[in-house]
Structure formats: structure tokens, C-alpha cells
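The exercises below ask you to read a structure step by step. Try each task on your own before you turn to its solution.

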Amino acid sequence: MVFSGTVLFGTTDFSGLFDRFGIDWHLLVVQSLNFILVAFLLYRFGFRSVIKVMDERREKIESGLVYADRMKKEMASFESSRATRVEAAMKEADDIVKTAKTNAKTILEQGKTESHRMAENIISAAEKEIAFLRENILHDTKAKIGSLVVEVAKAVLAAKMTDEDRDGYAAAAEKMMLSKNLQ
Amino acid sequence: MAKLWNSFFVVLVFVSPCTAHCSGHGDGVSSAATAIFSIGGFPVTDSIVMGWVISAFTIFALKFALRGGVKTIPSTGQSVVESIIGGLREIMEPVVGRKALPVVFPCLLAYFFFILLQNLGGLLPGMGSIGIRIDGEFRPFFRPSNSDLNATLALALVAFFAWAYFCVKCAGVGGLYYEIFGNKAEKSEISSLMYCALFFVFFAVGLIECISILCRVISLSFRLFGNTFGGENLLHNMYGFSTILKNMPVVNYLSYLIPLPFYFLEFLVAIIQSFVFTLLLSVYIGLVCNHGDHGGEFLKGEEYV
Amino acid sequence: MFSIIGEITGNIRDVAVGTVQAVGCAMAAIGVTCVGAKAVDAVGRNPGASGKILVQSILGMALAEAIAFYALFFSK
């Protein structure tokens, strides 16, 4: 090309060529200015903002990807830590349930024995009371029956007996009672 | 989007035969643009008018696509623009280098969109067929802007100055000088006498490199001009060919189909040429600015003109 | 041979220009073909690198194609 370039400049009559294609510096200037103006206007109205937006979007996507990557990593680490934590928590919960169960058992046992004891106490107290009451009642009944017998005897004796008999029986009774009391 | 392309093709199918490069003068499209009128010594040619129309369309199309503001969550139009920009950036990034890309990219984008829409606009009906007759001479209003050497040469000149500016900005004057004239030999591998001698060799190589750099202006402009102008001629000639068929009794309707495949070809060429121009410019910038990071290697050892 | 054709057509310069244009375009076409064939080859070997290969091959095609325009425009 270099070679042909020198040949071109050496042999070709450029002015003739330019004449043939109507080269005119006026036209060159006008066309150049036209292109420069269009290029500037295109840059001013379109390309500048479009390129800026494209760069911004690319940056945003890049930062978004980086962010997503970081989030993914964090998520993974969080996930693993969460698993261990959950495991620990499960263990802890198991332990708590176990201790609670044993506690409940002991408390139940305690309650059972306590209630047994209390029931026994109540029963024994009741038995005591019953015995006491029976004693009382027996005593009262004895006394009442005794006095009743005496009354009845008195009445019978008063109706059928003479004074002599009465004295005799009284003396005999007195004697018996005395003997009985002495026994 | 697909619907849009479909409707575009439908327009091409039904309207293209009417585009009629029937300007009437000579055979084929005239190699120079014709002046319609002039303002203060500045002639206004048909290609300049077309350039203005398409420029205005480009700006309004972009404004329309981005209506409602540029948002983080893009609208349909914005996502279309963004997908093109994103695709270009993916391609340009390893060529220009990560460091220089933010500085250079808007310029490359402007070149891509400008040339693409000028090229596609050149396929529209009405090129060279709508005009006025002044003094018995037909003067068309529209001519594909890039089929005028003035337009492409202007683009290439602007590209050359932009290249110089970006190189100085990204690599510095010293870096640019080193890239062209500098001694790139490894000092540790050769003797110091040899190293000093290589200074002259590399300086001579740099002079040749300068010619090659100047040739880039010519090659850039002529590549774009040649493709567009050649395509325009091709369409014109195919239309002329179809007029022969038109006079025949049975196959006259087929005449409308003859230029059609070439419209598809030119559609492809329009896209590829805008891409090539942008890519070559980015390669030229990358040759100087792209050091350090990985992408720089695949540009080395080749002469891109 | 050129002189014979030149005598026939009456203008040897036209013939020379036409020949240069034809040969230049043909060579450019061959260059583009080589690039395209090699690009297809490369994509077939390594489909994953098709994007990079596309860029490289378009560059190569553009550079080869430029020769055709030099031949067309600078020959006259």
C-alpha cells in the first residue's frame, strides 16, 4: 500500500481526478460542517444520555450481582449456623422435656404419698373419734339403762311391795351393790 | 422491529422500479453532483440537499426513539438504539482499547449512524428523478449524499482530524510520535550501536508511515464513494435494462423485478460500508491508543490503509 | 496485443485503462474471495469466535475491495 501510495502520488493527476468528481472546497467545508453539526447534535441529544444510562445500568447490574453473591454467601453461612443452632436448641428442648418428665414423676409420687398419709391421718382421726363417740354413747347408755332399771324396779316395787319388802329388797340391793362395788 | 423492516422491504419492492434514475443526461449517474443553486458563492448541490434531509431525519429519528427521556428501564425506541450501541461497543472495545473508548465512542457512533442513514436514504425512491429543468438541463434535487466525492472526502478529512485529536488526547504527542517514528527495538536484545542505527531506520519507516496515514484519507473516502456511487450506477443501469423489457409484450411486468435483487445487495452494502468506515477509523485510533491491555495485539503487524 | 487492440479501437489509452480496471477489479474480487473463504473456514473450525472473525474478515474485505476502487478511479 505504501508503495502504491507513492506510485499514486507520483503518477496520478489528482486535480484531474478531483475535477472529474466535482471536488470543490466550498462543498467540502459545507459537508464537513454538516457532519460535525450532526455528530454534535446526535451526541448532545442522544448518545450522551444513552451511554450514561447504559453505563449506569451495567454498574447497577454488576453491583447487584456482587450484592447477590454476598447475600448468597451470607445466606449459606447463616443457614449452616442456623442448622447448628437448631440442633442445639432441639437438644436443649429434649433435655428440658426429660427433666420436666422426671420432675413431674417425682412430684406425682410425692403427691401420692402425701395424699396417702393425709388420708391415713384423716382415717385414723376419724376412727379415734368414732371410738371416742362409741365410748361416750356406751357410757351414757349404760348409765341411762341403769337408772331406767332402777326406776322401773322402783315403780314395780312401789306398786306390789309392802314396806317391809321394800326395806328388805333395798337392804339386799344395797348389799349387792356394795358387794359389786367391792369386787 | 421486524415489522418495520418488513414494511421497509415492501416499500422497496413496490416503489423501487419507480425510483427511475431517469435524469436523462448521459449514460449512468453523473460522476459529479450537480449544483441546483448557490448561496453566496457556496453551491448547493443535490447531494448536499439530500445530506441535509437525511441529517435532519437522523436527528429527529433519534429524538423520536428517545422520546419521553432516557430511562434506566428503556422504552422500545430506546432499547433499539441501545442494542445497536451495545453491539457496536462490544466490537469496538477490543479494537480501540478500554481506556480510549469513552472518549472515542460518541464520534464512532455518529459516523456509523450518519453514514448508515445516508446510505439507506440513498436507496429511497426519488434519487435523481425528482428535480427541475433549468435552461433545458435537468437538475435533480436528491442524490445519495455518499455518491458525491465531496461528502465522503469531507467525512474522511473530519475523520483524519478526529484521529489526530484522539491520538493526541489519549496517547499524547509523544505517544503519537513514538508510534510513528519511535525506535521500537528491544534495547536489551541488540548492541547499542545497532540500536542507534535503528533510530534512522525507524525514522525512515515513520516517513513512509506518514504517507500511509495520509493515504487513509483517500482510501476511506474512495471506498465509501466507490461503493455508493457504484451501487447507484448499478441500480440506474438495471433500471435502464428493465426499460428494454418494458417494451416487450408478454414479459413487460417482469421489468419491475429486475432492479429488485440489486436493491437487496445495496441494502447490505449500505450497512456494511457504514460499519467498515467506523471500524477502520476505530482501528486507526486503536493502532496508536490501544496499548497495555490485551486487545492491542491483534492490530499489530498489519498495514491498514 | 494491446497495440493490436488499440489499432482496432483507435485509442490505446482507453484499452489500457479498461485493462487496468478489469485486472484491478478481478484481483480485488480474488482478494475478497480469499478473505471470505478463509473466514468461513475459520468459523467452521471455531464457531465460538465467529464475532471476532466477522470483524476481521470485514476489515480484510474492505481493504481488498479498496484496490478495486483505486483501479477504477485512478486508472483514467
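**Exercise 1. Chain C**

Among contacts in chain C between residues at least 6 apart in sequence, what percentage join residues at least 24 apart? Please describe the make-up of chain C as well.

Solution. Keep in mind from the start that this is a predicted model. Begin with the elements: chain C has three helices and zero strands, and from the N terminus on they run α-α-α. Next, turn to the contacts, where 62% of those between residues at least 6 apart in sequence join residues at least 24 apart. Finally, consider burial and surface: of the 76 residues in chain C, 32% count as buried, and the accessible surface comes to about 4500 Å², with 70% of that area belonging to carbon and sulfur atoms.

**Exercise 2. Chain B**

Describe chain B by the steps used for chain C, taking elements, contacts, burial and surface in turn.

Solution. Chain B holds seven helices and four strands, and read from the N terminus their order is α-β-β-α-α-α-β-β-α-α-α. In the contacts of chain B between residues at least 6 apart in sequence, 70% link residues at least 24 apart. For burial, the count covers 305 residues, and buried ones make up 51% of them. The accessible surface of chain B is about 13900 Å², and carbon and sulfur atoms account for 71% of it.

**Exercise 3. The interface of chain B and chain A**

How many residues of chain B are in contact with chain A, and how many residues of chain A do they touch? Which helix of chain B gives the largest share of its side?

Solution. First, count the residues: 51 from chain B are in contact with 39 from chain A. Second, consider the area, remembering that interface size is often expressed as the accessible area lost when the parts come together. Chain B and chain A bury about 4200 Å² between them, and 79% of this lies on carbon and sulfur atoms. Third, look at the polar pairs: the interface has five residue pairs in polar contact, both residues being at pLDDT 80 or more. Fourth, place the residues of chain B that touch chain A: strand E2 (42–45) and the helices H2 (46–65), H3 (76–96), H4 (101–121), H5 (149–181) and H6 (192–246) each supply at least two of them. The largest share, nine residues, comes from H2(B).

**Exercise 4. Salt bridges**

How many salt bridges does the structure hold over all chains, and how many cross the interface of chain B and chain A? Describe the pairs and the exposure of their residues.

Solution. Start from the principle that side chains of opposite charge can pair when their charged atoms come close. Over all chains there are five salt bridges, and two are found across the interface of chain B and chain A.

At the interface, Arg57(A) and Glu82(B) meet with N and O 2.7 Å apart. Arg89(B) likewise pairs with Asp55(A), at 3.2 Å from N to O. Because Arg89(B) lies in helix H3 of chain B and Asp55(A) in helix H3 of chain A, this pair joins two chains. Arg89(B), at 8% relative accessible area, is buried, while Asp55(A), at 32%, is partly exposed.

Now consider pairs within one chain. In chain A, Glu79(A) and Arg82(A) form a salt bridge whose closest N and O atoms are 3.9 Å apart; both residues lie in helix H3 of chain A, three residues apart, which is about one turn of the helix. Glu79(A) has a relative accessible area of 40% and Arg82(A) one of 43%, so each falls between the limits of 20% and 50% and is partly exposed. In chain B, Glu93(B) pairs with Arg98(B), with 3.9 Å between the closest N and O atoms. Glu93(B) is buried at 18%, whereas Arg98(B) is exposed at 57%.

**Exercise 5. His26(A) and a nonpolar patch**

Is His26(A) buried or exposed? Which residues form the nonpolar patch on the surface?

Solution. His26(A) is placed in helix H3 (residues 25–160) of chain A. Its relative accessibility is 18%, so His26(A) counts as buried, the limit for that class being under 20%. Beyond its neighbours within four places in sequence, His26(A) is in contact with Gly41(B), Phe42(B) and Pro43(B).

Phe42(B) also belongs to the nonpolar patch, together with Trp25(A), Val29(A), Leu33(A) and Ile36(A), and the joint accessible area is about 480 Å². Helix H3(A) supplies the largest share of the patch, four residues. Val29(A), found in helix H3 of chain A, is partly exposed at 34% relative accessible area.

Notes:
Residues are numbered from 1 along each chain as its sequence is written. Chains are lettered from A and ligands numbered from 1 in the order in which they are written. Side-chain values use heavy atoms; hydrogens and water are left out. Buried means under 20% relative accessible area, exposed over 50%, partly exposed in between (1.4 Å probe, protein chains only). Contact means heavy atoms within 4.5 Å. Accessible areas come from the Shrake-Rupley method with a 1.4 Å probe; for residues, only the protein chains shown count as cover. Patches are made of residues with over 30% relative accessible area and no salt bridge: like charges are joined within 9 Å, nonpolar side chains (Val, Leu, Ile, Met, Phe, Trp, Tyr) within 5 Å. A salt bridge is a side-chain nitrogen of Lys or Arg within 4 Å of a carboxyl oxygen of Asp or Glu. Buried area is the accessible area (1.4 Å probe) that two parts lose on being put together, summed over both. A polar contact is a pair of N or O atoms within 3.5 Å; within protein, one must be able to donate a hydrogen and the other to accept it, and residues adjacent in sequence count only if both atoms are side-chain atoms.
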